[in-house]
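User: Could we go through this model together? I have a few short questions.

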Amino acid sequence: MSTENEGTAVPPAPSAPPPAPVDAPAASAHQGYAAPGAVPAPPAGAPAADTAAHGTAPQPPTAGTAAYGPRDSDPNQDPASPGATPAGPPAGAHASSAPDASWPPPPPPSTPSFGDGGAGHGGWGSSYQQPAPRNGGGGRGRMIAAVLVAALVAGGAGGGLGYTLAKENDSSDSTTVSSSTSGGNVKREPGTVAAVAAKALPSTVTIEAEGRSGEGGTGTGFVFDKQGHIVTNNHVVAEAVDGGKVTATFPNGKKYDAEVVGHAQGYDVAVIKLNDAPSNLNPLALGNSDEVAVGDSTIAIGAPFGLSNTVTTGIISAKNRPVASSDGNGSQASYMSALQTDASINPGNSGGPLLDAQGNVIGINSAIQSTSNGGFGTGQAGSIGLGFAIPINQAKYVAQELIRTGKPVYAKIGASVSLEETTGGAKITEQGAGGSEPVDPGGPADKAGLQPGDVITKLDDRVIDSGPTLIGEIWTHKPGDEVTITYERDGKERITELTLGSRVGDN
């Protein structure tokens with residue numbers, strides 16, 4: 001599956017024909033999204049990914065790789081031009097059994113970009129037919145008609161007075177219903193989209209990141225703690241990491257300079273901190289992404305195409321979706337076992353919170369699926385209802401490590417796996433990166449008895465169909481976690497227990 005950080009725009013719907021008269025207005029029509037199918041396998045002949053302790057990581061899958069794509073926001077997007085076109089992912093397949101020495105791997109060739117129903121109504125009923133005058137009394141008929149016309153003309157100006165007089169003099173039952181409260185006193189119950197948005201928006205910021213060369217982009221972030229830490233995507237602030245500039249603007253218009261505290265390329269998570277942070281910050285409540293179920297309501301907040309403080313809604317349409325994504329500008333790939341949602345996510349939504357119906361953060365919007373690059377003449381992808389978010393349980397751990405040490409910590413098995421497009425599993429390569437051993441001597445995989453040529457098919461209860469899927473699942477765990485590995489060797493299925501190791505930093 002190819003995903004993009006921000007997908008292809010959907011062409012406008014054809015104009016509707018004029019409504020025919022009906023007895024009552026027609027009901028609103030809501031357009032739904034079909035749940036996506038199974039994730040296709042990654043491409044054949046792709047280089048290997050290294051998750052061993054050599055500091056190397058997987059190379060990207062080849063063009064057309066299933067389930068991997070661009071993110072939902074473009075870091076190179078000029079803040080002044082939210083519709084700017086991100087560079088596309090590299091094309092072409094790579095045939096190699098071993099990974100490159102560099103880590104993390106370059107973006108997969110076909111990657112995600114950074115990332116309603118309509119209503120119709122009929123006529124309002126049959127047209128009014130003026131009654132014909134009675135036979136005889138022509139002068140009286142004309143007088144009645146004149147009175148009717150006068151009453152209709154005066155109705156607009158004197159309707160209020162007429163209603164008051166009629167109400168005071170009417171002794172019979174009235175069918176008129178008047179509102180007991182004015183529109184300005186409308187109360188929205190907790191749990192409604194409006195109530196959740198009203199509470200979450202003040203703690204959501206629009207981030208502008210600019211590199212030393214002046215290039216940059218717009219993304220989103222949310223308040224993580226009262227000390228002024230803001231969580232967002234790595235690809236949102238990547239341009240500003242080395243001597244660049246970052247600002248965060250709240251919905252009330254207050255703008256703060258900020259610094260990048262730490263960033264994790266592989267996880268696609270970053271933390272910035274506000275300079276002179278206000279004392280009244282309200283961190284968003286974090287939910288439990290492990291308890292999210294398919295069909296749960298979702299609310300996404302962000303700045304799609306630079307339109308700050310935009311709220312969209314949808315549902316969780318899938319869980320544990322393996323996604324490898326990149327910003328399409330040569331940065332290394334990130335891997336996730338994502339929450340999939342049909343809430344509209346577009347370039348600029350990256351780094352923003354994905355909320356549940358109670359307003360708890362369950363994910364960080366990061367990538368979208370796109371049918372093609374471009375739409376509406378902008379050349380930039382837009383939402384087609386397939387967005388992907390980093391589960392908050394994983395993002396919380398990463399953010400806490402970045403705040404504590406400034407560097408990410410990755411779980412690993414200590415073996416290089418192939419990124420070939422197969423549906424059979426993740427194969428341990430015959431050769432490691434840069435001539436190193438494919439299985440790290442004394443590492444977790446070695447201690448668990450794994451060997452080159454073994455094909456890993458399950459990690460705990462998660463089916464593994466490729467190397468990138470394995471990486472995404474490993475990174476949902478912490479170093480020291482014990483996992484069960486199911487693998488095949490010489491056509492026979494075997495099971496082993498493995499304790500995950502750790503690697504610090506992206507390089």
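Analyst: Strands here are DSSP runs of E with at least two residues, and helices are runs of H or I with at least four, both numbered from the N terminus. This is a predicted model, in which local features need pLDDT of at least 70, side-chain atom pairs count only at pLDDT 80 or more, and totals for chains, interfaces and linings use all residues. Residues are numbered from 1 along each chain as its sequence is written, and side-chain values use heavy atoms, with hydrogens and water left out.

User: Where is Thr-206 placed?

Analyst: Thr-206 lies in strand 4, residues 204-210.

User: Buried or exposed?

Analyst: Thr-206 is buried, at a relative accessible area of 8%; buried means under 20%, exposed over 50% and partly exposed in between, with a 1.4 Å probe and protein chains only.

User: Which residues is Thr-206 in contact with, leaving aside neighbours within four places in sequence?

Analyst: Among them are Thr-218, Thr-247, Ala-303 and Ser-308, where contact means heavy atoms within 4.5 Å.

User: What joins the side chains of Thr-206 and Ser-308?

Analyst: Their side chains share a polar contact of 3.0 Å. Such a contact is a pair of N or O atoms within 3.5 Å; within protein, one must be able to donate a hydrogen and the other to accept it, and residues adjacent in sequence count only if both atoms are side-chain atoms.

User: Changing topic, how many residues of helix 6 are buried?

Analyst: In helix 6, residues 467-474, 8 of 8 are buried, including Pro-468, Leu-470 and Glu-473.
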